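Grab a pencil and work through these exercises with the model open beside you. Try each task before you read its solution.

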Amino acid sequence: MAKSSSCACGESLNTLIYDPELCINCGLCSSVCPHGVFTEGDGKAVLSKYEECMECGACQINCPVGAIHVESGVGCAAAMIRAALLRRNEVTCGDAACCGPIK
Ligand code: SF4
Ligand code: SF4
């Protein structure tokens with residue numbers, strides 16, 4: 001059900017939780033997500049780019065069955081921003097005083 005990942009600094013990368021058992025495959029989450037975190041699947045939405053979630057909350061607001069939960073601004077914001085900018089599964093904020101520089 002839930003998927004979790006942490007930045008190397010120990011903060012949760014983001015707070016996104018998806019319960020596919022509740023999904024009715026309406027497609028709204030994949031339509032509204034600005035980062036393609038959800039994609040349409042065969043019968044259920046697929047959480048395909050978990051690390052790129054920016055916790056905007058659009059998917060949660062639009063999901064008609066409460067299959068998605070996310071808390072804004074709780075995860076490691078720096079790591080999420082780097083993941084979005086670099087378009088890769090970045091799991092560090094890159095702060096030398098925290099996670100160390102990005103290689
Ligand atoms: S919270 Fe925003 S960025 Fe994250 S999966 Fe939902 S719509 Fe996408
Ligand atoms: S918005 Fe909710 S019900 Fe619709 S596809 Fe996404 S997770 Fe499933």
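**Exercise 1: the shell around ligand 1**

How do the residues of the shell around ligand 1 divide into nonpolar, polar and charged?

*Solution.* Keep in mind that this is a predicted model.
- Step 1: start with who is there. Ligand 1 is surrounded by 15 residues, and Cys-33, Val-37, Cys-53, Cys-56 and Cys-59 are the closest.
- Step 2: sort the shell by class. You get twelve nonpolar residues, two polar ones and one charged one.

**Exercise 2: the shell around ligand 2**

Which residues are the closest to ligand 2, and how many charged residues does its shell have?

*Solution.*
- Step 1: look at the neighbours. Of the 15 residues that surround ligand 2, the closest are Cys-23, Cys-26, Cys-29, Ala-45 and Cys-63.
- Step 2: sort them. The shell around ligand 2 holds twelve nonpolar and three polar residues, with no charged ones.

**Exercise 3: the overall layout**

In what order do the helices and strands of the chain run from the N terminus on?

*Solution.*
- Step 1: count the pieces. There are three helices and four strands in the chain.
- Step 2: walk along from the N terminus, and the pattern reads β-α-β-β-α-β-α.
- Step 3: check how far the contacts reach. Take the contacts between residues at least 6 apart in sequence: 51% of them link residues at least 24 apart.
- Step 4: look at burial. Of the 103 residues in the chain, 30% are buried.

**Exercise 4: two unusual backbone angles**

Where in the chain are Asn-25 and Glu-55, and what is the phi of each?

*Solution.*
- Step 1: recall the usual case. Most residues other than glycine have a negative phi.
- Step 2: take Asn-25. Its phi is positive, about 60°, even though this residue is not a glycine. Asn-25 sits in the loop between strand S1 (17-18) and helix H1 (28-32).
- Step 3: take Glu-55. This residue also is not a glycine, and its phi is positive, near 60°. You'll find Glu-55 in the loop between strand S3 (46-47) and helix H2 (58-62).
- Step 4: ask about exposure. Asn-25 is partly exposed because it has 13 other C-beta atoms within 10 Å. Glu-55 is partly exposed too, because 18 other C-beta atoms lie within 10 Å.
- Step 5: look across the sequence from Glu-55. Glu-71 is 16 residues away in sequence, yet the two C-alpha atoms are 6.5 Å apart.

**Exercise 5: Cys-33 and the core**

Is Cys-33 buried or exposed, and why?

*Solution.*
- Step 1: place Cys-33. This residue is in the loop between H1 and S2.
- Step 2: count its neighbours. Cys-33 has 21 other C-beta atoms within 10 Å, so it is buried.
- Step 3: list its contacts. Setting aside residues within four places in sequence, Cys-33 is in contact with Phe-38, Ala-58 and Cys-59.
- Step 4: follow Phe-38. With the same kind of exclusion, up to four places away, Phe-38 touches residues including Cys-29, Ala-45, Val-46, Leu-47 and Cys-59.
- Step 5: zoom out to the core. The largest nonpolar core has 15 residues, and Cys-29, Phe-38, Cys-59 and Ile-68 have the most contacts inside it. In soluble globular proteins, nonpolar side chains tend to be buried together.

**Exercise 6: two loop residues**

Which residues does Lys-44 touch, and which does Val-65 touch, not counting residues up to four places away in sequence?

*Solution.*
- Step 1: find Lys-44. It is in the loop between strand S2 (38-39) and S3. Lys-44 counts as partly exposed because it has 15 other C-beta atoms within 10 Å.
- Step 2: read off the contacts. Lys-44 touches Pro-20, Cys-23 and Asn-25, leaving out residues up to four places away in sequence.
- Step 3: find Val-65, in the loop between H2 and strand S4 (68-69). Val-65 has 11 C-beta neighbours inside 10 Å, so it counts as exposed.
- Step 4: read off the contacts again. Val-65 touches Leu-22, Cys-23 and Ile-24, with residues up to four places away in sequence not counted.

Note on methods. Residues are numbered from 1 along each chain as its sequence is written. Chains are lettered from A and ligands numbered from 1 in the order in which they are written. This is a predicted model: local features need pLDDT of at least 70, side-chain atom pairs count only at pLDDT 80 or more; totals for chains, interfaces and linings use all residues. A residue is near a molecule or strand if its C-beta atom, placed from the backbone, lies within 6 Å of it. Ala, Val, Leu, Ile, Met, Phe, Trp, Tyr, Cys and Pro count as nonpolar, Asp, Glu, Lys and Arg as charged, and the others, Gly among them, as polar. A residue is buried if 20 or more other C-beta atoms lie within 10 Å of its own, exposed if 12 or fewer, and partly exposed in between; C-beta atoms are placed from the backbone. Two residues are in contact if their C-beta atoms, placed from the backbone, lie within 7 Å. A nonpolar core is a set of buried Ala, Val, Leu, Ile, Met, Phe, Trp, Tyr and Cys residues joined through C-beta atoms within 7 Å.
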